[in-house]
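Good morning, and thank you for making time for this presentation. Please look at the sequence and the structure first; I shall then go through the helices and the charged side chains.

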Amino acid sequence: MLNGYFAFGVPLFLILLYLIVEWIRKKSHIQYYLGFILLLIASFLTVFSFQVLQEFWSADTHLELQLGYSPEILWLPLIMGLLLVVLNCWRGIRRIYQFQQERKEHHTG
(Lines give C-alpha, C1' and ligand atoms only; values in the text may rest on other atoms or scores of the structure.)
Protein backbone atom coordinates (compact mmCIF):
# COMPACT_ATOMS: atom_id res chain seq x y z
CA MET A 1 0.00 0.00 0.00
CA LEU A 2 2.97 2.30 0.49
CA ASN A 3 4.26 1.75 -3.03
CA GLY A 4 4.61 5.22 -4.54
CA TYR A 5 2.58 4.32 -7.62
CA PHE A 6 -0.29 3.08 -5.47
CA ALA A 7 -0.05 5.63 -2.64
CA PHE A 8 -0.10 8.55 -5.07
CA GLY A 9 -1.64 6.99 -8.19
CA VAL A 10 -5.02 6.31 -6.63
CA PRO A 11 -5.37 9.83 -5.16
CA LEU A 12 -4.22 11.32 -8.46
CA PHE A 13 -6.84 9.28 -10.32
CA LEU A 14 -9.53 10.34 -7.82
CA ILE A 15 -8.59 14.00 -8.16
CA LEU A 16 -8.70 13.70 -11.94
CA LEU A 17 -12.09 11.98 -11.70
CA TYR A 18 -13.25 14.73 -9.34
CA LEU A 19 -12.21 17.44 -11.81
CA ILE A 20 -13.99 15.68 -14.69
CA VAL A 21 -17.22 15.31 -12.71
CA GLU A 22 -16.94 18.92 -11.54
CA TRP A 23 -16.61 20.07 -15.14
CA ILE A 24 -19.65 17.98 -16.12
CA ARG A 25 -21.56 19.39 -13.13
CA LYS A 26 -20.88 22.95 -14.30
CA LYS A 27 -22.18 22.16 -17.80
CA SER A 28 -25.17 20.07 -16.69
CA HIS A 29 -28.69 20.69 -15.45
CA ILE A 30 -28.48 17.96 -12.81
CA GLN A 31 -25.90 19.74 -10.68
CA TYR A 32 -27.23 18.52 -7.33
CA TYR A 33 -26.92 14.82 -8.08
CA LEU A 34 -23.43 15.32 -9.42
CA GLY A 35 -22.60 17.31 -6.31
CA PHE A 36 -23.37 14.23 -4.24
CA ILE A 37 -21.10 12.16 -6.48
CA LEU A 38 -18.36 14.75 -5.90
CA LEU A 39 -18.86 14.33 -2.15
CA LEU A 40 -18.48 10.56 -2.51
CA ILE A 41 -15.27 10.91 -4.54
CA ALA A 42 -13.82 13.38 -2.02
CA SER A 43 -14.78 11.09 0.87
CA PHE A 44 -13.14 8.10 -0.78
CA LEU A 45 -10.00 10.17 -1.38
CA THR A 46 -9.92 11.14 2.29
CA VAL A 47 -10.48 7.62 3.59
CA PHE A 48 -7.95 6.08 1.20
CA SER A 49 -5.31 8.66 2.10
CA PHE A 50 -5.92 8.09 5.79
CA GLN A 51 -5.51 4.32 5.31
CA VAL A 52 -2.18 4.89 3.56
CA LEU A 53 -1.04 7.06 6.47
CA GLN A 54 -2.15 4.40 8.95
CA GLU A 55 -0.16 1.82 7.02
CA PHE A 56 2.90 4.05 7.24
CA TRP A 57 2.41 4.66 10.97
CA SER A 58 2.15 0.93 11.68
CA ALA A 59 5.09 -0.03 9.43
CA ASP A 60 8.65 -0.72 10.46
CA THR A 61 10.66 2.34 11.46
CA HIS A 62 13.30 1.57 8.81
CA LEU A 63 10.69 1.61 6.04
CA GLU A 64 11.15 5.34 5.56
CA LEU A 65 14.54 4.73 3.97
CA GLN A 66 13.08 2.19 1.51
CA LEU A 67 10.10 4.23 0.29
CA GLY A 68 11.88 6.48 -2.17
CA TYR A 69 9.77 9.49 -1.24
CA SER A 70 9.30 11.66 1.79
CA PRO A 71 6.49 10.32 4.01
CA GLU A 72 5.31 13.85 4.75
CA ILE A 73 3.97 13.99 1.18
CA LEU A 74 1.38 11.39 2.24
CA TRP A 75 -0.43 14.16 4.10
CA LEU A 76 -1.13 16.11 0.90
CA PRO A 77 -3.90 13.85 -0.53
CA LEU A 78 -5.51 13.62 2.92
CA ILE A 79 -5.61 17.40 3.30
CA MET A 80 -6.93 17.84 -0.24
CA GLY A 81 -9.61 15.22 0.41
CA LEU A 82 -10.67 16.87 3.65
CA LEU A 83 -10.91 20.28 1.98
CA LEU A 84 -13.02 18.83 -0.83
CA VAL A 85 -15.31 17.07 1.66
CA VAL A 86 -15.82 20.34 3.56
CA LEU A 87 -16.44 22.22 0.30
CA ASN A 88 -19.05 19.72 -0.89
CA CYS A 89 -20.77 19.57 2.50
CA TRP A 90 -20.96 23.37 2.46
CA ARG A 91 -22.47 23.28 -1.04
CA GLY A 92 -25.02 20.71 0.09
CA ILE A 93 -26.03 22.67 3.18
CA ARG A 94 -26.29 25.85 1.13
CA ARG A 95 -28.46 24.06 -1.44
CA ILE A 96 -30.80 22.76 1.28
CA TYR A 97 -31.12 26.29 2.65
CA GLN A 98 -31.87 27.66 -0.85
CA PHE A 99 -34.45 24.93 -1.40
CA GLN A 100 -36.19 25.85 1.87
CA GLN A 101 -36.20 29.54 0.94
CA GLU A 102 -37.66 28.79 -2.51
CA ARG A 103 -40.30 26.59 -0.94
CA LYS A 104 -41.28 29.34 1.54
CA GLU A 105 -41.50 31.91 -1.26
CA HIS A 106 -43.60 29.54 -3.37
CA HIS A 107 -46.11 28.89 -0.57
CA THR A 108 -46.40 32.52 0.55
CA GLY A 109 -46.34 34.09 -2.89
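I begin with helix H4, where Pro 77, Leu 78, Gly 81, Leu 84, Val 85 and Asn 88 are buried. Buried means under 20% relative accessible area, exposed means over 50%, and partly exposed lies in between, with a 1.4 Å probe and protein chains only. Helices are DSSP runs of H or I with at least four residues, numbered from the N terminus.

A word on the source: this is a predicted model, in which local features need pLDDT of at least 70 and side-chain atom pairs count only at pLDDT 80 or more, while totals for chains, interfaces and linings use all residues. Residues are numbered from 1 along each chain as its sequence is written, and side-chain values use heavy atoms, with hydrogens and water left out.

Against what do the buried residues of H4 pack? They pack against H1 and H2, where contact means heavy atoms within 4.5 Å. As to length, the 34 residues of H4 should span 50 Å at 1.5 Å a residue, and the end C-alpha atoms are indeed 50 Å apart. The expected span is 1.5 Å times one less than the number of residues in the helix. Along H4, the C-alpha atoms of Glu 105 and Pro 77 are separated by 42 Å, with their positions 28 residues apart in the chain. Glu 105, also in H4, is exposed, because its relative accessible area is 55%.

I turn now to H1. This helix has 24 residues and reaches 34 Å from its first C-alpha to its last, close to the 34 Å expected. Its buried residues are Ala 7, Pro 11, Leu 14, Ile 15, Tyr 18, Val 21, Glu 22 and Arg 25. What covers them includes H2 and H4.

How do H1 and H2 pack? Helix H1, residues 4-27, meets H2 at an angle of about 170°, with the axes 10 Å apart. The axes are lines fitted to C-alpha atoms, for helices over the stretch in contact, and angles run from 0 to 180 degrees between N-to-C directions. H1 and H2 are therefore roughly antiparallel, a label for angles over 145 degrees. The residues of this contact divide into 19 nonpolar, three polar and three charged. Here Ala, Val, Leu, Ile, Met, Phe, Trp, Tyr, Cys and Pro count as nonpolar, Asp, Glu, Lys and Arg as charged, and the others, Gly among them, as polar.

Two serines of H2 deserve a remark. Ser 49 lies in H2, residues 31-58, and counts as buried because its relative accessibility is 3%. Leaving aside neighbours within four places in sequence, Ser 49 is in contact with Pro 11, Pro 77 and Leu 78. Ser 43 is also found in H2, but is partly exposed, with a relative accessible area of 28%. Ser 43 and Arg 91 are 48 residues apart in sequence and 15 Å apart in space, C-alpha to C-alpha.

Finally, the charged pairs. How many salt bridges are there? The count comes to three, a salt bridge being a side-chain nitrogen of Lys or Arg within 4 Å of a carboxyl oxygen of Asp or Glu. Arg 25 and Glu 22 meet in one of them, at 3.0 Å from N to O. Both lie in H1, three residues apart, about one turn of the helix. Arg 25 is buried at 10% relative accessible area, and Glu 22 counts as buried at 12%. Arg 91 also meets Glu 22, at 3.1 Å from N to O. Arg 91 lies in H4, residues 75-108, and Glu 22 in H1, so this pair ties together parts that are 69 residues apart in sequence. Salt bridges that share partners thus join Glu 22, Arg 25 and Arg 91 into one network. Arg 95 forms a salt bridge with Glu 102, the closest N and O atoms being 3.8 Å apart. Glu 102 counts as partly exposed, at 44% relative accessibility.

Key:
Angles under 35 degrees count as roughly parallel, over 145 as roughly antiparallel, 65 to 115 as roughly perpendicular and the rest as oblique.
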